[in-house]
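Got a minute to walk through a fold from the inside out? Have the viewer open and keep the residue numbering to hand.

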Amino acid sequence: MNAIEKRIEELYRYNPDVAVPLDLTEFWNRTITEAKECPCVGIRVQTETPFPAMDVYHVTYEGYDNTPLKGWYIVPKFTMERSLPCVVLFHGYTGGKGYPEQYADWLMLGYAVFAVDVRGQGGETGNRMDSEYGMTKGWITQGILDKDTSYYKAVAVDAMKAIEWVASQLEIDASRIVVTGDSQGGGISLLAAAISDTPSIVVANIPNMCHMDFGLLNSTGSLTEAAEFVNRFPEHLNAVLTTLSYFDILHLADRIDIPVMMSVGLKDTVCMPETVFAAYNRISSEKILNIYPFTGHAVSGYQKRRVFEFLKMHL
């Protein structure tokens, strides 16, 4: 066994202690119920594009706390299919939904696309959440002292509402909805798969939001914001760890019951291999993990091709 094989074998055996909050199920049942009780409100406005083979709509839909979130809803013109599969795309941390033309590869696969902003970050979408305590640079420490005020709770409900909105569109086959993203987007996709019964497949490339206590201690990514928060306010370490535990895929993995594809780079210092394997090892549904021993925090063209092959096989 060479060093690469040994490292991978060790990671497949990695099974960290799990401190699941006693009221985790109650919290999510309540959060999901409250979200479903709010009507799904959204509007779409057709927008010009230089690509003649797509219809593009600029979407505004209401998420958590009535924050208006923005997205691109894109439909291929060339397909004869009247009830389309759809991919819901969540972007990486600090990013945004970008321009609609960057999603042309999905349309060539025969999918409609709903690419959405994550609130407050680098897109068109703001954030109406109150913040009753100071934050460190970035977004994830907003409301981090309590699960019910946490930024992650708002993001989770926003994702549920995005899926709910697109599933109601006339062009979409609601039984063939994929949730996917890279890094932050991968974490949100896994979270959405755990709390929404609508998606049929989840693809999470180099996902974050996994084994977050390990990430808090070791990651060079967004969790450094939470680490800096605790550095400034060490008396709040336990509160921060408790809040993060409600949104940790490690604790929600057993709620995922649809096919999963994930990827991991063994040189990734942002979404570290230990965090990805910890979550993956606890998922019990059909699953595939694509391992790239020499890749850092990146998604290769080869991985994208494997994603398309995976989806073609299942849908």
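What follows goes from the nonpolar cores to the cavities, then to the main pocket and the salt bridges.

One thing to keep in mind as we go: this is a predicted model. Let's start with the packing. In soluble globular proteins, nonpolar side chains tend to be buried together. Here the largest nonpolar core has 75 residues, and the members that touch the most others are Trp-28, Tyr-73, Phe-114, Val-166, Leu-190 and Met-262. Helix α4 supplies the largest share of this core, at 11 residues. Try centring the view on Trp-28: leaving aside residues up to four places away in sequence, Trp-28 touches Ala-156, Leu-191, Ile-195, Tyr-246, Phe-247, Leu-252 and Arg-255. There's also a second, separate core of 19 residues, with Leu-107, Ala-115, Val-203 and Met-261 among its members.

Now for the gaps. The structure has 3 cavities of 30 Å³ or more. The largest has a volume of about 50 Å³, and its walls are made by Tyr-61, Phe-90, Val-116, Asp-117, Val-118, Arg-119, Val-155, Asp-158, Ala-159 and Ile-188. Helix α4 (residues 151-167) turns up again, giving the most to this lining with 3 residues. By class, the lining splits into 7 nonpolar and 3 charged residues, with no polar ones.

The second largest cavity holds about 40 Å³ of space. Look for it between Ile-206, Ser-263, Val-264, Gly-265, Tyr-292, Ala-298, Val-299, Ser-300 and Gln-303, the residues that line it. Strand β8 (residues 260-265) contributes the largest share of that lining, 3 residues. This time the classes are 5 nonpolar, 4 polar and no charged.

Next, the open space. The largest pocket encloses about 430 Å³. It is lined by 21 residues, and the closest to its centre are Leu-89, Tyr-103, Trp-106, Asp-182 and Lys-304. Several elements give two or more residues each to this lining: β4 (84-90), α3 (104-108), β5 (112-116), β6 (172-182), β7 (201-205) and α11 (301-314). The pocket lining is mixed, with 10 nonpolar, 7 polar and 4 charged residues.

That leaves the charged pairs. Side chains of opposite charge can pair when their charged atoms come close. Searching the whole structure turns up 17 salt bridges. In one of them, Asp-148 pairs with Arg-30, with the closest N and O atoms 3.2 Å apart. Asp-148 sits in the loop between β5 and α4 while Arg-30 belongs to helix α2 (residues 24-37), so this bridge ties together parts 118 residues apart in sequence. Both ends are partly exposed: Asp-148 has 25% relative accessibility, and Arg-30 has a relative accessible area of 27%.

Lys-97 and Glu-124 form another salt bridge, with their closest N and O atoms at 2.4 Å. This pair also links distant parts of the chain, 27 residues apart: Lys-97 is in the loop between β4 and α3, and Glu-124 in the loop between β5 and α4. Their surroundings aren't alike, though. Lys-97 is buried at 4% relative accessible area, whereas Glu-124 is partly exposed at 46%.

For a pair hidden at both ends, go to Asp-173 and Arg-176, which are both buried. Their salt bridge brings the closest N and O atoms to 2.9 Å. Finally, salt bridges with shared partners join Glu-26, Arg-30, Asp-148 and Lys-153 into one network.

How values were computed:
Residues are numbered from 1 along each chain as its sequence is written. This is a predicted model: local features need pLDDT of at least 70, side-chain atom pairs count only at pLDDT 80 or more; totals for chains, interfaces and linings use all residues. Side-chain values use heavy atoms; hydrogens and water are left out. On a 1 Å grid over the protein atoms alone, a cavity is a set of points where a 1.4 Å probe fits but cannot get out, and a pocket is an open set with protein on both sides within 12 Å along at least five of seven lines; lining residues have an atom within 4 Å of a point. Grid points are joined across faces, edges and corners, and a volume is the space filled by probe spheres set on the points. Helices (H or I, at least four residues) and strands (E, at least two) are DSSP runs, numbered from the N terminus. Ala, Val, Leu, Ile, Met, Phe, Trp, Tyr, Cys and Pro count as nonpolar, Asp, Glu, Lys and Arg as charged, and the others, Gly among them, as polar. A nonpolar core is a set of buried Ala, Val, Leu, Ile, Met, Phe, Trp, Tyr and Cys residues joined through side-chain atoms within 4.5 Å. Buried means under 20% relative accessible area, exposed over 50%, partly exposed in between (1.4 Å probe, protein chains only). Contact means heavy atoms within 4.5 Å. A salt bridge is a side-chain nitrogen of Lys or Arg within 4 Å of a carboxyl oxygen of Asp or Glu.
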